[in-house]
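Subject: Structure for your review

Dear colleague,

Please find below the structure that I am handing over to you. My findings are set out after it.

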2 protein chains.
Amino acid sequence: MTTRSWWGWGNVEHAVTPEERQKLVDRVRAVLPNADLTLHDPPDPETLTIPKSRIQPSPLYSTDPLDRLTHARGQAYRDVVRNLAGDIGTVPDAVARPRTEQDVVDVLDHCGSNGIAVIPFGGGTSVVGGVEPRDIDGPVVTLDLGHLDRVLEVDPTSRAARIQAGVLGPDLEAQLKPHGFTLRHFPQSFEFSTLGGWLATRAGGHYATATTHIDDFTESLRVVTPVGVSESRRVPGSGAGPSPDRMFLGSEGALGVITEAWMRVQEPPRHRAGASVRFADWGRAVEAVRAIAQSGLHPANCRLLDPAEAFLNAGSSQSVLVLAFESADHPVDAHLRRALELCAGGEVVEGTAARWRGSFLRMPYQRDAMAQHAMITETFETACTWDRFAELHAAVTEAATSVLEEVCGAGIVTCRFTHVYPDGPAPYYGVYAPGRWGSLRQQWDEIKVAVSEALTGAGGTITHHHAVGRDHMPWYLRQRPDVFGTALTAAKAALDPAGVLNPGVLTTRSTAGPAPR
Amino acid sequence: MTTRSWWGWGNVEHAVTPEERQKLVDRVRAVLPNADLTLHDPPDPETLTIPKSRIQPSPLYSTDPLDRLTHARGQAYRDVVRNLAGDIGTVPDAVARPRTEQDVVDVLDHCGSNGIAVIPFGGGTSVVGGVEPRDIDGPVVTLDLGHLDRVLEVDPTSRAARIQAGVLGPDLEAQLKPHGFTLRHFPQSFEFSTLGGWLATRAGGHYATATTHIDDFTESLRVVTPVGVSESRRVPGSGAGPSPDRMFLGSEGALGVITEAWMRVQEPPRHRAGASVRFADWGRAVEAVRAIAQSGLHPANCRLLDPAEAFLNAGSSQSVLVLAFESADHPVDAHLRRALELCAGGEVVEGTAARWRGSFLRMPYQRDAMAQHAMITETFETACTWDRFAELHAAVTEAATSVLEEVCGAGIVTCRFTHVYPDGPAPYYGVYAPGRWGSLRQQWDEIKVAVSEALTGAGGTITHHHAVGRDHMPWYLRQRPDVFGTALTAAKAALDPAGVLNPGVLTTRSTAGPAPR
């Protein structure tokens with residue numbers, strides 16, 4: 001049995017140990033001798049005053065204060081430090097836990113006719129304010145889909161499975177395993193996020209190339225909207241008009257509630273080949289990754305760590321490329337050999353891949369442990385075309401470094417590629433800086449603005465796989481074509497006439513009406 | 001110099017020769033001894049009475065009757081036999097040939113404020129009535145994008161090119177070649193269709209797996225709509241809300257006019273490996289293709305011909321699988337070897353692939369030549385999951401055979417797979433039957449209804465890569481989730497308030513308003 005942390009990442013039982021914490025503190029102190037690393041314990045949730053619910057409890061609605069508190073926000077650094085400071089902000093008035101699709105329909109009907117906002121909630125690991133009832137007038141119900149957690153049907157011939165949206169990653173894989181299949185979608189949040197959350201946010205998985213997003217594994221969707229249930233036809237491919245699924249993928253609960261999906265599954269890999277390559281020169285490392293991304297070899301993993309990232313998380317002081325190929329059907333050694341041929345200027349090294357994997361899974365726990373010592377640990381992710389990467393990288397690094405200097409007096413900026421495409425990489429930036437206890441949220445906000453301006457200004461997308469939520473809205477609205485915003489706003493108005501679905505996400509009044517010519 | 005046929009496929013100079021025609025007639029007579037194969041010549045277009053234009057000629061609008069006639073419909077069998085019969089139906093009132101994007105804006109403005117329908121027109125090879133002014137009240141302008149035919153920019157680092165929508169396939173490849181790149185999107189219509197047409201109809205290319213549709217090569221789109229110009233950001237991947245491009249891909253001119261796109265290009269293949277495999281047993285052939293589709297080997301070609309298709313077009317009397325791998329980076333012989341291992345029950349044969357390619361490109365010319373002898377030659381394409389294929393195949397074959405029997409007294413039904421996916425194939429059916437001169441269109445309509453009912457009734461999509469147009473609307477409206485129809489109709493109303501863009505395609509009044517629960 002495990003207990004979810006009310007204020008931070010994951011399970012209480014898996015939080016950092018005192019020894020692990022001490023190691024982290026020592027490492028930070030080595031780099032930032034003047035940082036105030038006093039430990040701050042989270043408040044006792046019982047002592048927090050949670051506003052009275054404006055909704056009557058019912059078999060469908062739980063108004064238990066702690067239940068509402070643990071559904072009040074996601075898992076961004078911004079969320080964690082507000083929890084640590086006892087700043088609980090707005091909390092949903094009730095939590096609904098549908099056991100059937102009809103329950104979802106009933107909640108939407110009740111909320112629609114009573115002007116109650118509905119925030120669909122999967123695992124609650126949003127890092128962009130996607131599940132937070134921020135700036136919403138009137139009562140709010142959080143729709144926790146956790147009870148819709150079953151694999152309903154497996155089609156072994158077509159290698160597809162009909163799966164309920166509320167299932168968590170490990171439970172999903174456990175239910176597919178007896179059938180000899182796996183979805184193999186492993187975001188960093190895998191253990192605590194759900195299929196529905198992945199679909200609604202276009203989550204990125206562990207595949208570094210080709211099938212990078214959950215979109216690529218989606219065969220059909222079933223979505224409950226206020227005006228009816230939408231179910232797309234199960235077909236492997238279609239040219240019949242714009243794709244219905246592509247409208248709901250990434251809709252972040254603003255157009256409907258995804259209740260089920262037919263997902264493409266596969267056999268677990270039988271053949272594997274991997275290596276890590278060290279580069280003294282970052283530029284040559286980037287060129288090698290571009291060559292591999294454009295080779296058509298499709299590595300399952302192709303993660304480039306810059307020297308700072310490699311130093312912090314893979315025990316190397318040079319750039320490291322972690323390469324891996326996998327197949328359920330055929331040997332992939334030749335693929336790896338060819339990929340290594342493309343790594344001009346690199347040197348194969350041992351062990352870094354394993355060390356990287358280890359820290360990858362601990363990162364969110366470590367982030368929260370260090371937040372208790374007023375350390376600011378945040379990530380920014382984007383994607384851009386290869387021709388713009390050098391410029392974007394310089395702009396983001398410069399913007400991050402100077403805002404950290406300005407806001408925190410010092411800081412470290414790291415970069416890695418999480419996914420790569422023939423036409424460009426998806427760079428992922430980490431910032432580590434000493435914050436001021438009591439001002440962490442404000443400091444985060446300043447840093448977020450500066451870096452987001454830099455990466456969107458340099459041609460990147462505001463998000464490659466963390467979604468828009470509320471934190472990314474200002475930049476999303478600038479990046480999105482106004483005309484598409486007009487169409488999306490009209491579609492939202494048609495499907496959600498009362499405007500109760502996750503208000504403030506994806507569409508706002510400011511995007512309504514005809515776009516400027 | 002070549003001349004486009006006014007009534008049928010392609011160039012007059014490349015029409016079937018008398019010898020080729022005689023061979024075809026003899027082959028048909030061998031199978032259908034009682035067929036009346038009298039040759040009928042097309043009418044002289046000068047003798048056809050073309051309704052007077054309701055639009056004033058202007059520098060932007062040509063009202064030349066022959067110009068309007070050659071823009072009146074696409075290249076479906078239904079279109080060709082109506083032309084042959086001198087049944088020209090409705091003809092656009094004018095043809096506009098924009099030379100700049102501003103011209104497109106001006107046409108949309110003028111048509112929008114004067115209630116003139118606008119039908120975007122690329123190469124005019126629609127086989128679904130997509131460019132035909134059918135059942136439109138009021139005047140119609142056909143917007144021929146043929147002058148927007150340039151590759152404007154090439155980004156060799158990201159391997160992408162900014163290309164105008166009106167460029168024809170060969171011209172597009174010719175402009176990319178000096179840069180060392182190719183798009184490698186080769187639909188059967190390649191020579192006579194345009195990039196914009198491919199994008200607006202989600203065209204299928206020659207890649208049998210993975211990157212089957214033009215969608216997969218699209219980095220960003222520029223679209224002129226009545227409320228403004230939409231340009232999506234050039235990024236290799238994004239999770240920022242529903243994809244803007246995916247709304248315009250497949251919009252068939254009903255939401256806007258695609259004027260430019262950034263497309264992912266590649267180096268031409270240096271490594272190739274291919275083979276043809278003969279199967280005595282169709283079921284085992286299908287199983288082999290499924291195994292290859294699920295292997296992750298990604299053949300560039302994986303086309304399965306049933307015995308009838310193989311007999312007519314590849315000189316074999318058994319099912320034939322045409323397999324090919326290609327790469328610009330690495331040898332693919334191992335891929336082919338593994339794919340052949342998966343062909344249990346098959347036998348490698350020589351030459352059929354070349355023969356197949358040859359007839360593939362002649363098919364449309366031969367279809368039209370035989371239409372002059374009152375032969376009905378039509379194709380139906382779909383996609384379904386593997387678990388439903390046997391049932392769909394039986395249903396379609398049975399429906400096609402009996403409707404041919406009923407309508408034509410006899411006929412041949414063939415099947416091939418044009419594309420395959422891990423979760424299902426895209427079967428492509430051909431029907432060949434002796435028609436009655438003077439009733440060919442009505443006979444086609446009866447056959448179309450019977451087969452379309454069968455393939456959508458058995459779970460297939462009404463189209464995998466021929467789009468919806470006007471001919472597929474009844475089945476598209478049944479296949480499309482009503483709720484998505486509601487959203488798409490609202491989006492259309494927001495982008496095209498005057499409802500002038502390709503009216504009758506994708507949305508109709510009947511799909512407006514809230515969907516039934």
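The notes below cover symmetry, cavities, aromatic pairs and a few individual residues.

This is a predicted model, in which local features need pLDDT of at least 70 and side-chain atom pairs count only at pLDDT 80 or more, while totals for chains, interfaces and linings use all residues. Residues are numbered from 1 along each chain as its sequence is written, chains are lettered from A and ligands numbered from 1 in the order in which they are written, and side-chain values use heavy atoms, with hydrogens and water left out.

Symmetry

Chain B is superposed on chain A by a rotation of 180 degrees with 0.0 Å of shift along the axis, at an RMSD of 0.0 Å; the fit is by least squares on the C-alpha atoms of residues with pLDDT of at least 70 in both copies. The two copies are therefore related as by a two-fold rotation axis. Both copies use the same surface, since 100% of the contact residues of chain B recur in chain A, where contact means heavy atoms within 4.5 Å.

Cavities

A cavity here is a set of points, on a 1 Å grid over the protein atoms alone, where a 1.4 Å probe fits but cannot get out; lining residues have an atom within 4 Å of a point. Grid points are joined across faces, edges and corners, and a volume is the space filled by probe spheres set on the points. The whole structure holds 5 cavities of 30 Å³ or more, and the largest has a volume of about 140 Å³. Its lining comprises 16 residues, and those nearest the centre are Met247(A), Phe484(A), Met247(B), Phe484(B) and Leu488(B). The elements giving two or more residues to this lining are α7 (244–248) and α15 (482–495) of chain A, together with α7 (244–248) and α15 (482–495) of chain B. Helices (H or I, at least four residues) and strands (E, at least two) are DSSP runs, numbered from the N terminus. By class, the lining has 12 nonpolar, 2 polar and 2 charged residues; Ala, Val, Leu, Ile, Met, Phe, Trp, Tyr, Cys and Pro count as nonpolar, Asp, Glu, Lys and Arg as charged, and the others, Gly among them, as polar.

Aromatic pairs

Rings of Phe, Tyr and Trp (its six-membered ring) pair if their centres lie within 6.5 Å, with planes under 30 degrees apart counted as stacked, over 60 as edge-to-face and the rest as tilted. Over all chains, the count is 16 aromatic pairs. The ring centres of Phe389(A) and Phe417(A) are 5.1 Å apart and the planes stand at 80 degrees, so this pair is edge-to-face. Phe389(A) belongs to helix α12 (residues 386–408) of chain A and Phe417(A) to strand β15 (residues 412–421) of chain A, so the pair ties together parts 28 residues apart in sequence. Phe389(A) is buried at 4% relative accessibility, and Phe417(A) is buried at 0%; buried means under 20% relative accessible area, exposed over 50% and partly exposed in between (1.4 Å probe, protein chains only). Ring pairs also join Trp282(A), Trp386(A), Phe389(A) and Phe417(A) into a cluster.

Individual residues

Gly460(B) sits in the loop between α13 (440–457) and α14 (473–479) of chain B and is buried, with a relative accessible area of 0%. Gly460(B) and Cys384(B) are 76 residues apart in sequence, yet 4.7 Å apart in space, C-alpha to C-alpha.

Yours sincerely

How values were computed:
1 Å grid on protein atoms, 1.4 Å probe; cavity = no way out; pocket = protein on both sides within 12 Å on 5 of 7 lines; lining within 4 Å.
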